[in-house]
Amino acid sequence: MSDYGPANSGEAIADIYPSVDERTVPMLAGLARGGRVLEIGIGTGRVALPLLEAVVWIEGLDTSVAMVERLLAKPGGDRIPVTIGAAIEMPVEGQYTLVTALFNTFFMLGGQPEQVCCFGAVALHL
Ligand SMILES: C[S@@+](CC[C@H](N)C(=O)[O-])C[C@H]1O[C@@H](n2cnc3c(N)ncnc32)[C@H](O)[C@@H]1O
């Protein structure tokens with residue numbers, strides 16, 4: 001794996017991210033409606049790993065190799081395919097019933113133009 005570029009990953013504070021609220025996994029699994037899930041900015045898998053057993057398929061997209069290496073080091077991390085790339089480009093294949101950008105990820109994508117582009121790219125995969 002190679003670094004995608006200067007990533008705003010939040011890695012420095014990854015160890016102090018809040019624990020996952022017990023309502024989060026059932027809520028996301030319900031929204032997925034038995035379909036495929038993509039998490040933009042999957043990071044260390046804080047939410048994706050607990051969600052893994054509750055959905056049919058989950059994969060991730062992230063700009064940070066360092067964050068994804070943390071995910072891979074966790075039990076079950078190797079069961080979640082992750083693409084290294086930026087949300088604005090959405091270098092993923094196929095369709096999903098749920099695309100998430102959790103925690104503060106959406107505000108790490110850049111400014112409003114990048115956020116609007118991200119919505120457009122996501123729409124093509126829903
Ligand atoms: C605050 S962390 C949240 C990680 C995870 N979603 C969670 O809730 O624990 C934000 C993640 O988004 C990733 N990220 C930042 N900019 C991104 C972009 N433009 N495209 C994809 N991922 C990005 C960062 O590398 C980081 O892993």
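Which of the 20 residues around the ligand come nearest? They are Glu39, Gly41, Arg46, Asp62 and Asn104, and the structure in which they are found is a predicted model. The points below begin with the ligand and its surroundings, go on to the nonpolar cores, and then take up individual residues in helices, strands and loops.

**The ligand and its surroundings**

- Two nitrogen contacts can be described, since the side chain of Glu39 has an N or O atom 2.7 Å from a nitrogen atom of the ligand, while a polar backbone atom of Gly41 also lies 2.7 Å from a nitrogen atom of the ligand.
- Arg46 takes part through its side chain, in which an N or O atom is 2.8 Å from an oxygen atom of the ligand.
- On its own the ligand has 600 Å² of accessible area, and the protein covers 97% of this.
- The shell around the ligand is mixed by class, with 8 nonpolar residues, 9 polar residues and 3 charged residues.

**The nonpolar cores**

- The largest nonpolar core has 17 residues, and those that touch the most other members are Leu28, Val37, Leu51, Val55, Ile58 and Ile80.
- Two elements, helix α1 (24-32) and helix α2 (48-52), give two or more residues each to this core.
- Ile58, one of the residues with the most contacts to other members of the core, touches Val37, Ala48, Leu51, Leu52, Ile80 and Pro81, when residues up to four places away in sequence are not counted.
- Another core, of 12 residues, lies apart from the largest one, and among its members are Leu61, Val92, Val99 and Val122.
- As a general background to such groupings, nonpolar side chains tend to be buried together in soluble globular proteins.

**Glu59 in strand β2**

- Glu59 is placed in strand β2, which covers residues 57-62, and Glu59 counts as buried because its relative accessible area is 9%, where under 20% is required.
- The side chain of Glu59 makes a polar contact of 2.7 Å with the side chain of Trp57.
- Leaving out residues up to four places away in sequence, Glu59 touches Arg36, Val37, Leu38, Glu39, Ile42, Ile80, Pro81, Val92 and Tyr96; of these, Glu39 is also one of the residues that come nearest to the ligand.

**Residues in helices α1 and α2**

- Gly30 belongs to helix α1 and is partly exposed, because its relative accessibility of 47% falls between the 20% and 50% limits.
- Gly30 and Trp57 are 27 residues apart along the chain, and their C-alpha atoms are separated by 13 Å.
- Leu52 lies in helix α2 and is buried, with a relative accessible area of 11%.
- With residues up to four places away in sequence set aside, Leu52 touches Ile58, Gly76, Arg79 and Ile80.
- Between the C-alpha atoms of Leu52 and Gly120, which are 68 residues apart along the chain, the separation is 26 Å.

**Loop residues with positive phi**

- Arg33, found in the loop between α1 and β1 (36-40), has a positive phi near 50 degrees although it is a residue other than glycine.
- Arg33 counts as exposed because its relative accessible area is 64%, and the class begins over 50%.
- Phe103, in the loop between β4 (98-100) and α4 (112-123), has a positive phi of about 60 degrees and is not a glycine.
- Phe103 is partly exposed, with a relative accessible area of 47%.

Terms used:
Residues numbered from 1 in each chain as written. Predicted model: local features only at pLDDT ≥ 70, side-chain atom pairs only at ≥ 80, totals over all residues. Heavy atoms only, no water. Near = heavy atom within 4 Å. Polar contact = N/O pair within 3.5 Å; in protein donor to acceptor, adjacent residues only side chain to side chain. Areas by Shrake-Rupley, 256 points an atom, 1.4 Å probe, with all protein chains shown as cover. Nonpolar A, V, L, I, M, F, W, Y, C, P; charged D, E, K, R; others polar. Core = buried A, V, L, I, M, F, W, Y, C linked by side-chain atoms within 4.5 Å. Buried < 20%, exposed > 50% of the residue type's maximum accessible area, 1.4 Å probe, protein only. Helix = DSSP H or I, 4+ residues; strand = E, 2+ residues; numbered from the N terminus. Contact = heavy atoms within 4.5 Å.
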